[in-house]
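Here is a short briefing for a first look at this chain. Please keep the sequence and the structure in view while reading.

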Amino acid sequence: MSERAAPYYCPYCGDEDLEPHEGDGGRGSGHAWACASCARVFRVGFVGLRAGAIADARRGTSSGEENA
Ligand SMILES: [Zn+2]
């Protein structure tokens, strides 16, 4: 399993030519990626789970007969 979340598109120019940017990627703040098209280096980090989505999932799987 890889701990690195790979972005598919550059968030700045939309290009797909991304590669891991080694050297100044600090741990704990997301991994750095470099865009070969616009030369920007950015980080991808996990923020958390969306609270609303979790509540909806629980409501949907608990019982389907509540509103029948
Ligand atoms: Zn780019």
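Leu18 is partly exposed, because 18 other C-beta atoms lie within 10 Å, while a buried residue needs 20 or more. The model is predicted. Leu18 sits in strand β1, and β1 belongs to an open sheet of 3 strands.

**Around Leu18**
- Beyond its neighbours within four places in sequence, Leu18 is in contact with Pro7, Cys10, Trp33, Ala34 and Cys35.
- One of these contacts is Trp33. Leu18 and Trp33 are 15 residues apart in sequence, yet 6.5 Å apart in space, C-alpha to C-alpha.

**The chain as a whole**
- The chain has 68 residues, and 4% of them count as buried.
- Its secondary structure consists of 1 helix and 3 strands.
- Read from the N terminus, the elements follow the pattern β-β-β-α.
- Take the contacts between residues at least 6 apart in sequence: 26% of them join residues at least 24 apart.

**The sheet**
- The strand order is β1-β2-β3, and the pairing is antiparallel.
- The edge strands are β1, residues 18-20, and β3, residues 41-44. Each of these two pairs on one side only.
- From one strand to the next, the twist averages 40 degrees.
- What holds paired strands together? Strands of a sheet pair through backbone hydrogen bonds, in either a parallel or an antiparallel way.

**Strand pairs**
- β1 and β2 run antiparallel and are joined by 3 bridges.
- On the β1 side, Pro20 has Trp33 of β2 as its bridge partner.
- β2 covers residues 31-35 and pairs with β3 in the antiparallel sense over 4 bridges.
- Which residues of β3 face those of β2 as bridge partners? His31 is partnered by Val44, Ala32 by Arg43, and Trp33 by Phe42.
- Trp33 therefore has a bridge partner in each neighbouring strand, Pro20 in β1 and Phe42 in β3.

**The two faces of β2**
- Side chains alternate along β2.
- His31, Trp33 and Cys35 point to one face and are buried.
- Ala32 and Ala34 point to the other face and are not buried.
- Trp33 and Cys35, both buried, are among the contacts of Leu18. Ala34, which is not buried, is also in contact with Leu18.

**The hairpin**
- β2 and β3 form a hairpin, with 5 residues between the two strands.
- Ala39 lies in the turn and has a positive phi of about 70 degrees.

**Confidence**
- How confident is the predictor, and what is the average pLDDT of the chain? The average is 79, and 71% of the residues score at least 70.
- Among the elements, β1 has the highest mean pLDDT, at 93.
- Helix α1, residues 51-62, has the lowest mean pLDDT, at 71.

How values were computed:
Residues are numbered from 1 along each chain as its sequence is written. This is a predicted model: local features need pLDDT of at least 70, side-chain atom pairs count only at pLDDT 80 or more; totals for chains, interfaces and linings use all residues. A residue is buried if 20 or more other C-beta atoms lie within 10 Å of its own, exposed if 12 or fewer, and partly exposed in between; C-beta atoms are placed from the backbone. Two residues are in contact if their C-beta atoms, placed from the backbone, lie within 7 Å. Axes are lines fitted to C-alpha atoms, for helices over the stretch in contact, and angles run from 0 to 180 degrees between N-to-C directions. pLDDT is the predictor's confidence in each residue, from 0 to 100.
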